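Reader: I've got the sequence and the model open side by side. Can you walk me through how the strands and helices fit together?

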Amino acid sequence: MQRRTFIKQTSILTALASTQTLASNNPSTQFPMVISTWKNEKANEAAWASLQKTGRALDAVEAGARIPEADPNDTSVGYGGFPDRDGNVTLDACIMDEKGNAGSVTFLQHIMHPISVARAVMEKTPHVMLSGEGALQFALSQGFKKENLLTDVAKKAWEEWKKTSKYEPKINIERHDTIGLLALGTKGEISGACTTSGLAFKMHGRVGDSPVIGAAVFCDDEVGGACATGLGEFVLKTLGSFLIVELMRNGKTPQQACEEAIMRIVKRYNYKEFQIGYLALNKKGEYGAYSIQSGFSYTITENGVTKVIESKYYMK
Ligand code: SD4
């Protein structure tokens, strides 16, 4: 083994060992940890594998997000995502690290891994957000390949939809699995990510909450992080993830913070018609989830064990 590799591996093992000591000294502190929206075991497993390699939460959330992005059977994210009403697959993604750095892409076409482009925006440009053609040009300049993301299945679904062209975003009724992920790394640092193809058959040019820092994802290393899924317009109007992190900063548990963020929507909007789900994770490794309707689930990985949990919800 080369010396450098040995030192690197040893330091990761040491970090893992000290993590475990910390965890056992303080039973309420649990990391590393990965949590993601919906039923996303494979994504969590990839995130967990990444944590074993680099220990870094940022790498973990990116690795996790890349799984549904490349999965043609996932019709809400990346390759295989349902197109807009004109037949274009347009993608939104964002990522945020423990230092408060953030990157995002909106209305990106032809690139399989928008989350990695978002990370490149964060790390290689002075900006936070690139959109559309500019985001595509940037991705190509970074070596990402242009690909056809519209699968035959998605094309057929779109052609079927065109017969009536009825536009009714019904999250949860159609299959929806936009992935939002939060992770605590081996040093206990928080990062988050979100990636989606947005609402099926949306208007051309529509951008949802998923690439908007503070809406779909927010992290603050003093507090923790939050992420969102569902009808993005209402996450945008209430800046849900930022709100949840601020509520946790002011003493709410992750569960209480998610519930209050849902209540802000319930009080002002016709919530019966749509779904929003929030996830939150604080720096102690405590987590919470809440949605408007039943049917929202989330996936958690702790100590290498992954499980899917049904979220609590408002509408009984
Ligand atoms: C959007 N929030 O584009 C996304 C959709 C979603 O599960 O989360 N679906 O509005």
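Author: Sure, and one term up front: a residue counts as buried when its relative accessible area is under 20%, and as exposed when that is over 50%. Keep in mind that this is a predicted model.

Reader: With that cut-off, which residues of E8 are buried, and which way do they point?
Author: Side chains in a regular strand alternate between the two faces of the sheet. E8 is mostly covered, with seven of its seven residues buried. Gly225, Cys227 and Thr229 point one way, and the other way point Gly224, Ala226, Ala228 and Gly230.

Reader: What is the strand order of the sheet that holds E8?
Author: Start with the neighbours: E8 pairs antiparallel with E7 over four bridges, and antiparallel with E9 over seven bridges. The edge strands are E7 (217-220) and E13 (312-313), each pairing on one side only. Put together, five strands make an open sheet with mixed pairing, in the order E7-E8-E9-E10-E13.

Reader: Where E7 meets E8, which residue is the bridge partner of phenylalanine 218?
Author: E7 and E8 are joined by a hairpin through three residues. Across the pair, phenylalanine 218 has its bridge partner in E8, and that is alanine 226.

Reader: And on the other side, which residue of E9 stands opposite threonine 229?
Author: E8 and E9 pair over seven bridges in the antiparallel sense. Opposite threonine 229, in E9, you'll find glycine 277.

Reader: In what sense do E10 and E13 pair, parallel or antiparallel?
Author: Serine 291 faces tyrosine 313 of E13. E10 covers residues 287-291, and two bridges link E10 to E13; their sense is parallel.

Reader: Which helix lies across E9, E10 and E13, and at what angle does it run to E10?
Author: Two helices are worth a look here. H8 (residues 240-249) packs on the sheet by touching E7, E8 and E9, with its direction at about 145° to that of E8. The one lying across E9, E10 and E13 is H9 (residues 254-268), and its angle to E10 is about 20°.

Reader: Now the eight-stranded sheet: which strands are at its edges?
Author: Its pairing is mixed and the sheet is open, in the order E4-E3-E2-E6-E5-E1-E11-E12. Ignoring direction, neighbouring strands are turned by 10° against each other on average. The strands pairing on one side only are E4 and E12 (305-310).

Reader: How many bridges join E1 to E11?
Author: In this pair, isoleucine 35 stands opposite isoleucine 300 of E11. E1 (residues 33-37) and E11 (residues 297-302) run antiparallel, and the number of bridges joining them is five.

Reader: Why do the buried residues of H5 line one face of the helix, and how wide is their arc?
Author: The buried residues of H5 (residues 132-141) are Gly132, Ala135, Leu136, Phe138 and Ala139. Glu133 and Ser141 are exposed, on the face turned away from the buried side. Looking down the axis of H5, the buried residues line one face because they fall within an arc of 165°.

Reader: What do the buried residues of H5 pack against?
Author: One of the partners, H4, also packs on the eight-stranded sheet, touching E2, E3, E4 and E6. The elements that the buried residues of H5 pack against are E3 (102-108), H4 (114-124) and E4 (129-131).

Reader: Which residue just after H5 takes a positive phi?
Author: H5 covers residues 132-141. Just after H5 comes a phi of about 95°, and the residue that takes it is glycine 143.

Technical notes: Residues are numbered from 1 along each chain as its sequence is written. This is a predicted model: local features need pLDDT of at least 70, side-chain atom pairs count only at pLDDT 80 or more; totals for chains, interfaces and linings use all residues. Side-chain values use heavy atoms; hydrogens and water are left out. Two strands pair if DSSP finds at least two bridges between them. Contact means heavy atoms within 4.5 Å. Axes are lines fitted to C-alpha atoms, for helices over the stretch in contact, and angles run from 0 to 180 degrees between N-to-C directions. Buried means under 20% relative accessible area, exposed over 50%, partly exposed in between (1.4 Å probe, protein chains only). The arc is that of the directions from the helix axis to the C-beta atoms.
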